[in-house]
Amino acid sequence: MLPLTWQQVAVWHDSVTLWSHALALAPENRAAHFNLAGAHEEAGRYAAAVAEYEEVARLSNRFRGRWYITIGWNYEKAKVDRLALAAFRKALTLEPGLSDACEGVTRVARRLGADPGSRPGCSEG
């Protein structure tokens with residue numbers, strides 16, 4: 001039993017290692033992609049987090065627009081406002097009227113000095 005435990009210690013080293021190992025075993029596991037994204041986000045690795053959240057969105061049957069809000073927030077944290085704006089707009093294309101996406105488009109467009117443009121389902125104001 002002890003040799004097996006020592007083998008697993010390397011896998012349990014940290015969240016990124018754990019969830020990367022889980023994905024090596026089950027690449028289509030949405031929960032593992034989500035948890036790996038969160039581990040990357042917590043560590044400040046926003047590009048890696050975005051890649052994993054995009055996989056979560058791809059694997060999701062419902063609420064796909066909401067994942068693009070999370071992607072937009074990660075781009076904002078990384079200070080990549082043009083990609084954040086695109087992510088919030090994609091969220092609204094997939095699920096019109098999502099309030100966090102509406103606010104994201106307005107906030108980021110304002111920072112960029114751009115017109116927020118079309119915001120499907122958002123109230124004007």
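In this predicted model, helices α5 and α6 are roughly antiparallel to each other. Helix α5 spans residues 64-77 and helix α6 spans residues 81-94; their axes come within 8 Å and cross at roughly 170°. Because angles over 145 degrees count as roughly antiparallel, the pair falls in that class. On the α5 side, the contact is made by Arg64, Gly65, Tyr68, Ile69, Ile71, Gly72, Trp73, Tyr75 and Glu76. These residues meet Asp81, Leu83, Ala84, Ala87, Phe88, Lys90, Ala91 and Leu94 of α6. Sorted by class, the contact of α5 with α6 holds 11 nonpolar, two polar and four charged residues.

Helix α5 also packs against α4, which covers residues 46-59. The axes of α4 and α5 are 9 Å apart, and the angle between them is about 175°. These two helices are therefore roughly antiparallel to each other as well. From α4, the residues involved are Tyr46, Ala49, Val50, Tyr53, Glu54, Val56 and Ala57. Their partners in α5 are Arg64, Trp67, Tyr68, Thr70, Ile71, Asn74, Tyr75 and Lys77. The contact of α4 with α5 comprises 10 nonpolar, two polar and three charged residues. Arg64, Tyr68, Ile71 and Tyr75 of α5 are listed in the contact with α4 and also in the contact with α6.

The loops on either side of α5 each contain a residue with a positive phi. Most residues other than glycine have a negative phi. Phe63, in the loop between α4 and α5, has a phi near 60°, a positive value in a residue other than glycine. Its relative accessibility is 39%, so Phe63 counts as partly exposed. Lys79 is placed in the loop between α5 and α6, and its phi, near 65°, is likewise positive. With a relative accessibility of 72%, Lys79 counts as exposed.

For the protein chain as a whole, the secondary structure consists of seven helices and zero strands. The pattern along the sequence is accordingly written α-α-α-α-α-α-α. The chain has 125 residues, of which 35% count as buried. The exposed area of the chain is about 7500 Å², with carbon and sulfur atoms supplying 57% of it. Of the contacts between residues at least 6 apart in sequence, 40% join residues at least 24 apart.

The largest nonpolar core contains 22 residues, and Ile71 and Leu92 have the most contacts inside it. Two or more residues of this core are given by each of α4, α5, α6 and α7, the last covering residues 99-112. Helix α6 provides the largest share, six residues. Ile71 belongs to α5 and takes part in the contacts of that helix with α6 and with α4. Leu92, leaving aside neighbours within four places in sequence, is in contact with Gly97, Leu98, Ala101, Cys102, Val105, Arg119, Pro120 and Cys122.

Contacts between α6 and α7 include those of Asp81 and Leu112. Asp81 lies in helix α6 and is buried, with a relative accessible area of 16%. Residues up to four places away in sequence not being counted, Asp81 touches Glu76, Val108, Arg111 and Leu112. Glu76 is one of the α5 residues in the contact with α6. Leu112, found in helix α7, is partly exposed, with a relative accessible area of 28%. On the same basis of counting, Leu112 touches Asp81, Arg82 and Leu85. The C-alpha atoms of Leu112 and Leu85 are separated by 9.3 Å, while the two residues are 27 residues apart along the chain.

Helix α3, residues 30-42, contains His33. At 7% relative accessibility, His33 counts as buried. Apart from neighbours within four places in sequence, His33 is in contact with Leu23, Pro27, Glu52, Glu55, Val56 and Leu59. Val56 is also among the α4 residues that meet α5. His33 and Ala51 are 18 residues apart in sequence, and their C-alpha atoms are 9.2 Å apart in space.

Conventions: Residues are numbered from 1 along each chain as its sequence is written. This is a predicted model: local features need pLDDT of at least 70, side-chain atom pairs count only at pLDDT 80 or more; totals for chains, interfaces and linings use all residues. Side-chain values use heavy atoms; hydrogens and water are left out. Axes are lines fitted to C-alpha atoms, for helices over the stretch in contact, and angles run from 0 to 180 degrees between N-to-C directions. Helices (H or I, at least four residues) and strands (E, at least two) are DSSP runs, numbered from the N terminus. Angles under 35 degrees count as roughly parallel, over 145 as roughly antiparallel, 65 to 115 as roughly perpendicular and the rest as oblique. Contact means heavy atoms within 4.5 Å. Ala, Val, Leu, Ile, Met, Phe, Trp, Tyr, Cys and Pro count as nonpolar, Asp, Glu, Lys and Arg as charged, and the others, Gly among them, as polar. Buried means under 20% relative accessible area, exposed over 50%, partly exposed in between (1.4 Å probe, protein chains only). Accessible areas come from the Shrake-Rupley method with a 1.4 Å probe; for residues, only the protein chains shown count as cover. A nonpolar core is a set of buried Ala, Val, Leu, Ile, Met, Phe, Trp, Tyr and Cys residues joined through side-chain atoms within 4.5 Å.
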